[in-house]
Amino acid sequence: MEEKRFTFIYRGLARVGYSFIYEGSASACSRCEYFKVCHGKLKRNVTYRVSEVRDKKVSCTLVGEAVLVRVEPCEIEAALDAKRTVEGATILFKPVDCDKLSCSHFNLCSPIALEGLRERRFKIIKVTGSFVCPSTGVKLARVLLQPQEV
């Protein structure tokens, strides 16, 4: 049976399916009475997805109102140039340059979970498929990524 992990997140993000990369705690967190619940079972640079939202709310000095959520480790789905994609490889993530918000693949090419994490190392956990970019004709691989320690 998988270990249950809970944390508090900003109320505006507390929804099933929301994913984030845990970067560690801020210095102010060490003085908080909820530190163990919020940070105790999370591992730095692991991606988590919210699997349950609880009714418990607390006041957080960093984000304001925070809600208790259950989280599970997960990978991030993304698209990479198929020519440079090898399962198990560690890569420097660079999103596909695209401004076509209406494209059905836009969220793979520019995953919101990776916003602000450009030029960061990720391991290609699995190649799950491929598709051709409708704008450029470039073959892209659909992959699952996991952030690596910096």
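Nonpolar, polar or charged: how is the lining of the largest pocket made up? The split comes out at 28 nonpolar, nine polar and seven charged residues. This is a predicted model, and everything below is read from its computed geometry. The largest pocket holds about 1000 Å³ of space. Its lining runs to 44 residues, and those closest to the pocket centre are Ile9, Leu13, Tyr18, Phe20 and Ile21. Several elements chip in with at least two lining residues each: strands S1 (5-10), S2 (19-21), S3 (47-60) and S5 (76-81), along with helices H1 (35-39) and H2 (106-109).

Next comes the second largest pocket, with a volume of about 330 Å³. Here 15 residues form the lining, and Leu80, Asp81, Arg84, Lys94 and Val96 sit closest to the centre. Two elements, S5 and strand S6 (90-92), give two or more residues to this lining. The largest share comes from S5, which puts in three residues. Sorted by class, the second largest pocket is lined by 10 nonpolar, two polar and three charged residues.

Closed-off space turns up as well. Rolling a probe the size of a water molecule over the atoms shows where empty space is left. In this model there are two cavities of 30 Å³ or more, and the largest cavity has a volume of about 40 Å³. Which residues line the largest cavity? They are Cys98, Cys103, His105, Phe106, Cys109, Phe131, Cys133, Pro134 and Leu140. By class, that makes eight nonpolar residues and one polar residue, with no charged ones.

Strand pairing gives the next part of the picture. S2 and S3 line up antiparallel over three bridges. Within this part of the model, Phe20 has Tyr48 of S3 as its bridge partner; Phe20 is also one of the residues closest to the centre of the largest pocket. S3 is joined to strand S4 (residues 64-73) as well, with nine bridges between the two antiparallel strands. A hairpin of three residues makes the connection from S3 to S4, and Cys60 stands opposite Gly64 in S4. In general, side chains in a regular strand alternate between the two faces of the sheet.

Two individual residues are worth a look. Thr7 belongs to strand S1. Is Thr7 buried or exposed? Thr7 counts as buried because its relative accessibility is 3%, below the 20% cut-off. A polar atom of the Thr7 side chain lies 2.6 Å from the backbone oxygen of Cys38. Setting aside neighbours within four places in sequence, Thr7 is in contact with Phe20, Val37, Cys38, Leu42, Val67, Leu68, Val69 and Val71. Cys38 therefore appears both in that contact list and, through its backbone oxygen, opposite the Thr7 side chain at 2.6 Å.The second residue, Ile76, is placed in strand S5. At 5% relative accessibility, Ile76 counts as buried. Where does Ile76 lie in space relative to Pro111? The two residues are 35 apart in sequence, yet their C-alpha atoms are 7.9 Å apart.

Note on methods. Residues numbered from 1 in each chain as written. Predicted model: local features only at pLDDT ≥ 70, side-chain atom pairs only at ≥ 80, totals over all residues. Heavy atoms only, no water. 1 Å grid on protein atoms, 1.4 Å probe; cavity = no way out; pocket = protein on both sides within 12 Å on 5 of 7 lines; lining within 4 Å. Points joined across faces, edges and corners; volume = space filled by probe spheres on them. Helix = DSSP H or I, 4+ residues; strand = E, 2+ residues; numbered from the N terminus. Nonpolar A, V, L, I, M, F, W, Y, C, P; charged D, E, K, R; others polar. Buried < 20%, exposed > 50% of the residue type's maximum accessible area, 1.4 Å probe, protein only. Polar contact = N/O pair within 3.5 Å; in protein donor to acceptor, adjacent residues only side chain to side chain. Contact = heavy atoms within 4.5 Å. Pairing = 2+ DSSP bridges.
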